[in-house]
Every structure is written in C-alpha cells, then in structure tokens.
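Dear colleague,

Please find below the structure that I am handing over to you. After it I set out what was found, with the DNA first and the contact between the protein chains afterwards.

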2 protein chains.
Amino acid sequence: MNNAVPSSASRKVTLNDVARLAGVSVATASKALNGRKQVRAETRARVVEAAEQLSFSPNELARSLLADRTGTVGLLTNDLEGRFSIPILMGAEDAFGADSVAVFLCDARGDAIREKHHVQALLSRRVDGLIVVGSRTDPRPSLGRELPVPVVYAYAPSEDPEDLSIVVDNVGAGRSAVDHLVSTGRTRIAHITGDPTYGASQERAEGALAALADHGLSLVGEVRFGSWTESWGRAAASMLLGQHPELDAILCGSDQVARGVMDALREHGRTVPDDVAVMGFDNWEIFTSGARPALTSVDMNFERLGRVAAQRLFAAIDGEPRSGVEALDTRVVIRGSTVPG
Amino acid sequence: MNNAVPSSASRKVTLNDVARLAGVSVATASKALNGRKQVRAETRARVVEAAEQLSFSPNELARSLLADRTGTVGLLTNDLEGRFSIPILMGAEDAFGADSVAVFLCDARGDAIREKHHVQALLSRRVDGLIVVGSRTDPRPSLGRELPVPVVYAYAPSEDPEDLSIVVDNVGAGRSAVDHLVSTGRTRIAHITGDPTYGASQERAEGALAALADHGLSLVGEVRFGSWTESWGRAAASMLLGQHPELDAILCGSDQVARGVMDALREHGRTVPDDVAVMGFDNWEIFTSGARPALTSVDMNFERLGRVAAQRLFAAIDGEPRSGVEALDTRVVIRGSTVPG
DNA sequence: GAAAGTGCCGAAAAGGCTTTCTGCGAACCG
DNA sequence: CGGTTCGCAGAAAGCCTTTTCGGCACTTTC
C-alpha cells in the first residue's frame, strides 16, 4: 500500500525509465506523455501512471535542444534596486508565468561592458527573447539589429527607431495631473520637480505647461528643477511661498519631492488641501500613504508596462515583430491632498 | 578589408560550421576552443580564427546536457516588490555573476501552489541549486529533503533544521541599537515598533530589552506594538509623550515608524537629537536621508545576506552542504538623529 | 633496423528527448 | 478470400557538444 518508489525524486529519472516501467519504447512513452496521436488509450494510461510513479519530469534541456526553443527569456535591467525595474519585472514575470516561461534575470548595473557580457551569456543559453529595462526614460543605445532573437526595450526606449520600445507617456502624465488640479478648481499652480537632466522631469513639465495653456492658465513662477529628494521639495517650496504666496496648488515631480513640499507647507501654516493642493508622480505607496493627508499621485502603471513588454516580446517571438515607440498612458490616483475629505 | 561575414550573428552557428571552415573535425574544434591539450598550436589558431569569424558561441544547452550541470540557479522569492528580496537578490546575482552563473527568477507571491509549480519548472530546467527568499523573518515550510539539488533559505529560515538557512540576527540588531543609544548618553529609552505578529518586531524588542538590562536600565513604558507605518509612529509617539514626557530616546521598529515618530516629536516641540534621540531599523535610504535630521538606523546588510546565501549554495553544489541557521550580524549607521551634527 | 614511445587528429558514443518512418497485425472492402 | 486501409508501436535519426579511444605518422631508443 505504501509508495514503492520513495527515492523517485532523487536523481535523474529519464524517459527511458518510464518507458521500461511501462513496458514500451521511449518513442511511445514520449508520444503518450505529449498527447500525440498514434498511441492507444490503454497504453497511454500505462505510461502516464509509470511517469507519475517515478515522478518523472522531462529534461527541458534536451527538449529545448531539439525544439530550438527554450521557453526562457532574458530580463536585462540596469537598476535592480530602482523604483522602476521591479514593478516592470513583476509585470513581465506575471505575463510570462502564465505560459510557463522562465526568466533569466541580469543586472548590468549601468555598465555597457557588463551588459554585452550578459547578452552574450543569455544568447549562449539560447533565450527566446530579451527585455531590456532602463533606469531612466532617456533613450539608450540599441543592442543592435543583428541579434538572433527579438528584443523589447521597456521604460527607456532604444535610440534605434527600428527597435520596439514600450515607454510611459510622461507628457500625458503631466497633462492629466494639471487637468486634475484644474478640475478641483485650482488656478494658481506651481511646479516643483526633480533633476533637470532627466527626460522624465522635462516631459512631465512640458505636459503640465501644455495643459495649463489649454485651460487658459499659466504657471505660477517658473518650473523649479532640482533633485528628486524631500529636502529639495522643502527648500523649493519655502522659496516659492515667499515669492508667490497666492498659489493654490503645487504639482511635484515625484512623490518624494511632494513629501518635502507638504512638510514645508505645514511649517508655513498652509493647510492641505484646503489652502494648497499638492500632488506627485509615481504613486509610490510608501510615500503617498504615509503623507498627511494621503498624497494624490499619477500612477505610471509600471506593472502594465512590464506585461505589455512581455506580450510584445511573445508576439515578436511568434513572428509578429513591431517597431517604434509605444507610449502607455497613466492614471491619476486621487487622495486627500487634492480633494478634501 | 571589411568583415566578410556580417550575417554571422543571424542564426545557429554550430561547432560543425566552425570545424568545416577550419578544415578539421568537430572533435578537434571542440578541443581547440576549450584549451584541451592534444591539438597543435597552428591548428588551434586556425579554429579560433574560424570561430571568431563566425562569431561562434557554444550552445550551453548541449553542453549542460552532457555535463549534467547547467550553471544556473533558481531564485524563488515571495515578495518581489518587498524591501527585502531585492537587495538579497542583488547580492546573490553579484556573487553568481562573478562565476558566470545565470539566475532564474520566480516570484511565488506567497502562494504555496505557485511555489510548488515554480520549483517543478526550475527543476525541469535542471537548475544546479535553489535560493528561497522569504518575505518575513518567521520560519517557513521547507521545500522538503527529497529535492535533487541543494537549497538555501534566505531571510526567512526553513522550519526544518536540516535545511540551511541564512538569516539576519534581529536580536543582535536590537541589542546594538540600544548599545548605541546608551553610548550617546541616553538612559530613558522607549520602544515603538511594528506588527506584533512579525518575528522581526519581537526579536528586535527582545534584543533591546536584554541590552537595557545589561546596562542596568529598563524601558520607559512598555514596548508599543502596532503596524509598520508612519501613522502608527505618529500616534504612538504622541501617546508616549503624554505618558512619559521624561524620555530621551525612542527606538523605532522600522525607519517608517521612525519617520512618524519624528513628525510627532516636532509637533510636540521636542528637538531631535538634542532633546530626544530617534533611531530606526532597516536603513532604508529613501527614508533615512529624507528625515530631518537624517535618521540613524540599523542596516541589515541584506546584500551581504544574498552573497552569503549564494556562496553557501555554491559550496553545497560542490559537495559541501551545511545545515542549520546562520545568523548574520548587522551594523548601526549613525546619523544626525542620535548625535548632534 | 625493429620496438617502443609521442604528438595530433578523427570516429564514435553519450546525454535525454522528439519525430519521422517503417512494419506489423487487424479490420475493412469488394 | 486477397488486397487495401488503418491503428498502433518501435527503430533510428537528429539536436550540439564533449570526451574517450583508436589510429596514423613520426621520432626516439637500443
């Protein structure tokens, strides 16, 4: 009554073993387990049972070698610690997991040499495709057109327009932020953002200015560039309040900046949101929910970005390549810092 | 003068092609490229050149099939988005990368079924070993002893003492936090921490109390358990200040809690660090550096944890398994919230 | 000058699986 | 009842590489 083969999981159960136990040839065993036609139901059952008894699991290496398709993809990131890679990676893993594809993770740490090396390693392991995740929205060098597998660039687009890149629509994000503020009745809006060398800060500002113009408004003061930190948010807000005490909303380039801004507002005796509305970008939950009141923010939908990238990669692997830059839209998550209550 | 074989990277350059171009047999080509003896220098050169010309890269699948060793490991995490997995993962990737090992990443999202499935998938891809990263310090179920490859548990130990687990010494972390506070002259120390169901909060508190006893001190009030949030930090600190205005230091269970505590202190007119010292755990840079003043915190050395886990896995793969729980020590990172700047 | 040794190269097997193709008995058709 | 299908199983080739072993042409040794 007890399991006769307890050591089954020990090592190396091969199709041969299954076939022998079932009393058939390896060819038949293979066909039986893979649902091929050409095998009698009774025989199939015997093989399946033998496989279970031995807890057989086919060697994917051998299978891949033959099929010239491994069911693996490479995920090449450049800032594993970063805010962006992880959700994207999760989305991708999510999309892949459904189809039982495994992902090889590599972090090039921003080093081109390392990156080359990793690509080489991945190719020698015969991945079916590659997703390259950047750490900034600025375009990055292409891996080249001569690669034997499809590549999708996520977050940071490739410089080569022939490549396919999936990015976030930062201009649109800026627009929708302003739209939201205006819809809550704000008209004297200022903008404090981060590092001016980042494409993200420029594009968000561009979108915000465009939306203001559409509404017949203009920004209070200039766009304040600085760094992506709380302390910059505090400093900039203090300055701004001195120069433009009439403002009724501050759009911040990131949630961290927004946290600093809210700190400064409180110290200047301004209340949020009644007196001044505040909102950020990124919807980084640990910052938005810790704020008082909770921070309205533009969610960049990174997980979806990862999923879309994975889907596009699948399509390309299946012979339907695309190229160009595909920008995904964002969504405003409304919380207490822009609407009372 | 130009490269004669531009399409080299296209598809499927095999050792056969190299051998043919070099005018030797595949056996000789293999030996030549792998630095085996038994091949004349001149012949070797010819092969190497042929390989370069075709930009040949050996099929690792075939190689692994033969060697019964893939040079890949599986990294099974349970909260990819979490604070812990990523640095551990980076440390592991770091340690592996040096020896050109590739890592398969899987996120089971805390689901046991999913986990089983991923383990199965990884085994069928013939990983050489597994690292299992937990999301909490509490012990987790073992994957079992019957696996055909070594397993190392990181952060969350396995329930089975026969397994090898690498964890953080949270008790020691609690001790060293108190030691630091005492060394700066604090004697009336309170402790606000997070979710009481987490082993981490219990162990850190335990270490803190032990260290206080060693110094002949006792805690101001009781340990305040709550949640790992800023708002809990604020609320608990306010209560605490009402009941024990004499306190001169608050040890916080996490950096987030500490941020909330500092907020509350400021609102109650207490200055940090002169009046009250504050410190946290985790040394999460985005929180510690944004605080005013910057927050002293206990760094859990997660990257090192990842590296050690990877090293232990290597050792086990090479036939030197260990078992039991290995606790790594932590370090206090001193900033302005405990010592005047 | 024959026997033994050396240096290099290639044939072949192995690793685990899938697939094609062949073969064989049974069922069908006329 | 002879011949054709049909259903099912097995033999064998192939995927790409490494490694063992045998063989060939030399050189060395008495």
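A residue is counted here as near a strand if one of its heavy atoms lies within 4 Å of it. Please also bear in mind that this is a predicted model.

**DNA strand D**

By that rule, 26 residues surround DNA strand D. The closest are Lys31(A), Thr43(A) and Leu66(A) from chain A, with Leu15(B) and Ser30(B) from chain B. Which parts of the strand D atoms within 4 Å of the protein are involved? Sugar or phosphate accounts for 62% of these atoms, and bases for the rest.

Several individual contacts to phosphate can be named. In chain A, a polar backbone atom of Arg40(A) is 2.9 Å from a phosphate oxygen of DNA strand D. In chain B, the side chain of Thr14(B) has a polar atom 3.0 Å from a phosphate oxygen of this strand, and an N or O atom in the side chain of Asn34(B) is 3.2 Å from a phosphate oxygen.

Both protein chains contribute helices to the surface near DNA strand D: helix H2 (26–33) and helix H4 (60–67) of chain A, and helix H2 (26–33) and helix H4 (60–67) of chain B, each supply at least two residues. By class, the residues of this surface are 11 nonpolar, nine polar and six charged.

**DNA strand C**

DNA strand C is surrounded by 26 residues. Here the closest are Leu15(A), Thr28(B), Lys31(B), Arg40(B) and Thr43(B). Of the strand C atoms within 4 Å of the protein, 61% are from sugar or phosphate, and the remainder are from bases.

Three residues of chain A may be cited for their contacts to phosphate. A polar side-chain atom of Lys12(A) is 3.3 Å from a phosphate oxygen of DNA strand C. Asn59(A) has a polar backbone atom 3.2 Å from a phosphate oxygen of the strand, while for Arg63(A) an N or O atom of the side chain is 3.1 Å from one. The elements that give two or more residues to the surface near DNA strand C are H2 and H4 of chain A and H2 and H4 of chain B. That surface has 12 nonpolar, eight polar and six charged residues.

**The annotated domain**

For chain A, an unreviewed UniProt entry places the feature "domain: HTH lacI-type" at residues 13–67. In the model this span is 67% helix and 0% strand, and its end C-alpha atoms lie 21 Å apart.

**The interface of chain A and chain B**

How many residues of each chain are in contact with the other? The figure is 53 residues of chain B and 53 residues of chain A. The size of an interface is often given as the accessible area lost when the parts come together. For chain B and chain A the buried area is about 5000 Å², with 50% of it given by carbon and sulfur atoms.

Across this interface there are 26 residue pairs in polar contact, both residues being at pLDDT 80 or more. On the side of chain B that touches chain A, the elements giving two or more residues include H4, helix H5 (85–97), strand S2 (102–107) and helix H6 (112–124) of chain B. The largest share of that side, six residues, comes from S2(B). Its residues divide into 20 nonpolar, 13 polar and 20 charged.

**Salt bridges**

Side chains of opposite charge can pair when their charged atoms come close. Between chain B and chain A, 14 salt bridges are counted; over all chains the count is 47. One of those found is between Glu93(A) and Arg109(B), with the closest N and O atoms 3.4 Å apart. Arg259(B) and Glu230(A) also form a salt bridge, at 2.7 Å from N to O. This pair joins two chains, because Arg259(B) lies in helix H10 of chain B and Glu230(A) in helix H9 (residues 230–243) of chain A.

**Backbone details in chain B**

A cis peptide bond, with omega about 5°, joins Val272(B) and Pro273(B). Pro273(B) is placed in the loop between H10 and strand S8 (277–281) of chain B. Another cis peptide bond joins Arg292(B) and Pro293(B), with omega about -10°; Pro293(B) is in the loop between H11 and strand S9 (296–299) of chain B. Lastly, Tyr155(B) has a positive phi of about 70° although it is not a glycine. Tyr155(B) belongs to the loop between strand S4 (151–154) and strand S5 (164–168) of chain B.

With kind regards

Notes. Residues are numbered from 1 along each chain as its sequence is written. Chains are lettered from A and ligands numbered from 1 in the order in which they are written. Side-chain values use heavy atoms; hydrogens and water are left out. A polar contact is a pair of N or O atoms within 3.5 Å; within protein, one must be able to donate a hydrogen and the other to accept it, and residues adjacent in sequence count only if both atoms are side-chain atoms. Helices (H or I, at least four residues) and strands (E, at least two) are DSSP runs, numbered from the N terminus. Ala, Val, Leu, Ile, Met, Phe, Trp, Tyr, Cys and Pro count as nonpolar, Asp, Glu, Lys and Arg as charged, and the others, Gly among them, as polar. UniProt positions are given in the numbering used here, feature names are shortened, and annotations may be inferred rather than shown by experiment. Contact means heavy atoms within 4.5 Å. Buried area is the accessible area (1.4 Å probe) that two parts lose on being put together, summed over both. A salt bridge is a side-chain nitrogen of Lys or Arg within 4 Å of a carboxyl oxygen of Asp or Glu.
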